[in-house]
Amino acid sequence: MAAREGWSRYGDVNYVDHVMQYYKVGNGSVVVMGDGSQSFDVEEVHNIMKQYLGRPYVWGGRKPAAGGFDCSGLLEYAFAQVGVDMYGTAQSQYNKTKPVSEEHIKPGDFVFFSTYKPGASHVGMYVGNGQFINANSSGGTSYSSVEEWKNLYPFLGFRRI
């Protein structure tokens, strides 16, 4: 492996430190770690969204000053804080992203459903373990189960920036 990679030796003397940066002791809350393969810092975006857990759903809510968010507004706001333009509705966010097969999903991928009209009308960000963070009319900004939503609404798939 070292020869193939052009290294003088094989191994990482800082292996433990490199691994430990991804290990966090939680207090029962959801901890999301990106693997570096997304085009943005997954943990940073998730931490921004987590600040608004429990805030009510507000149709058209795109900023904290609105008192809450709608689904696309939550993602638009959080991603804007890290310099990623995800402006628009769930459908326009769907159009800005690329499909990912379910066996290849990662935290940070978007998950889309068709709720009240044809096409993408609901979006959230996948956080792992079958969960996604989103703003919805029943729970406000909250975590939801992908499988439970699949039983309620047409599933349009996972997509990636």
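In the predicted model, Met-125 stands opposite Ile-133 of strand E4. This pair belongs to the contact between strand E3 and strand E4 (residues 131-136), which pair in the antiparallel sense over three bridges. E3 and E4 form a hairpin, with two residues between them. Asn-129 lies in the loop that joins E3 to E4, and this residue adopts a positive phi of about 50° although it is not a glycine. With a relative accessibility of 79%, Asn-129 counts as exposed.

The strand that precedes this turn has another setting. Seven of the seven residues of E3 (residues 122-128) are buried, so the strand is largely enclosed by the rest of the structure. E3 also pairs with strand E2 (residues 110-113), in the antiparallel sense and over four bridges. Within this pairing, Phe-112 stands opposite Val-123 of E3.

The next residue to be considered is Phe-113, whose place is in strand E2. Phe-113 is buried, and its relative accessible area is 0%. Its C-alpha atom is separated by 6.5 Å from that of Val-123, a residue 10 positions away along the chain. When neighbours within four places in sequence are left aside, the contacts of Phe-113 include Gly-119, Ala-120, Ser-121 and His-122. Phe-132 and Val-146 are also in contact with Phe-113, as are Trp-149, Lys-150, Tyr-153, Pro-154, Phe-155 and Leu-156.

The pairings described above are part of a wider arrangement. Six strands form an open sheet in the order E1-E6-E2-E3-E4-E5, with antiparallel pairing. Strand E1 (98-100) and strand E5 (140-145) are the edge strands, each of which pairs on one side only. Neighbouring strands of the sheet are turned against each other by 40° on average, direction ignored. Helix H3 packs on this sheet and touches E3, E4 and E5. The direction of H3 makes about 120° with that of E3. Helix H4, in turn, lies across E2, E3, E4 and E5 and runs at about 55° to E3.

The relation between these helices was examined next. Two packed helices are described by the angle between their axes and by the distance between the axes. The axes of H3 (residues 42-50) and H4 (residues 71-81) come within 9 Å and cross at roughly 130°. H3 and H4 are therefore oblique to each other, and H3 passes H4 in a right-handed crossing. On the side of H3, the contact is made by Val-45, Ile-48 and Met-49. These residues meet Leu-74, Leu-75, Tyr-77, Ala-78, Phe-79 and Gln-81 of H4. By class, the contact of H3 with H4 comprises eight nonpolar residues, one polar residue and no charged residues.

Burial in H4 extends to residues beyond those named in this contact, including Cys-71, Ser-72, Gly-73 and Glu-76. Nine of the 11 residues of H4 are buried, so the helix is largely enclosed by the rest of the structure. Among the buried residues of H4 are also Leu-74, Leu-75, Tyr-77, Ala-78 and Phe-79. The buried residues of H4 pack against two helices, H3 and helix H5 (90-95), and against strands E2, E3, E4 and E5. Just after H4, Gly-83 takes a positive phi of about 85°.

For the chain as a whole, the secondary structure comes to six helices and six strands. Read along the sequence, these elements follow the pattern α-α-α-α-α-β-β-β-β-β-α-β. Of the 161 residues of the chain, 39% count as buried. Among contacts in the chain with a separation of 6 or more, 49% are accounted for by residues 24 or more positions apart.

Conventions
Residues are numbered from 1 along each chain as its sequence is written. This is a predicted model: local features need pLDDT of at least 70, side-chain atom pairs count only at pLDDT 80 or more; totals for chains, interfaces and linings use all residues. Side-chain values use heavy atoms; hydrogens and water are left out. Buried means under 20% relative accessible area, exposed over 50%, partly exposed in between (1.4 Å probe, protein chains only). Two strands pair if DSSP finds at least two bridges between them. Axes are lines fitted to C-alpha atoms, for helices over the stretch in contact, and angles run from 0 to 180 degrees between N-to-C directions. Angles under 35 degrees count as roughly parallel, over 145 as roughly antiparallel, 65 to 115 as roughly perpendicular and the rest as oblique. A crossing is left-handed if the near helix is turned anticlockwise from the far one by less than a right angle, and right-handed if clockwise. Contact means heavy atoms within 4.5 Å. Ala, Val, Leu, Ile, Met, Phe, Trp, Tyr, Cys and Pro count as nonpolar, Asp, Glu, Lys and Arg as charged, and the others, Gly among them, as polar.
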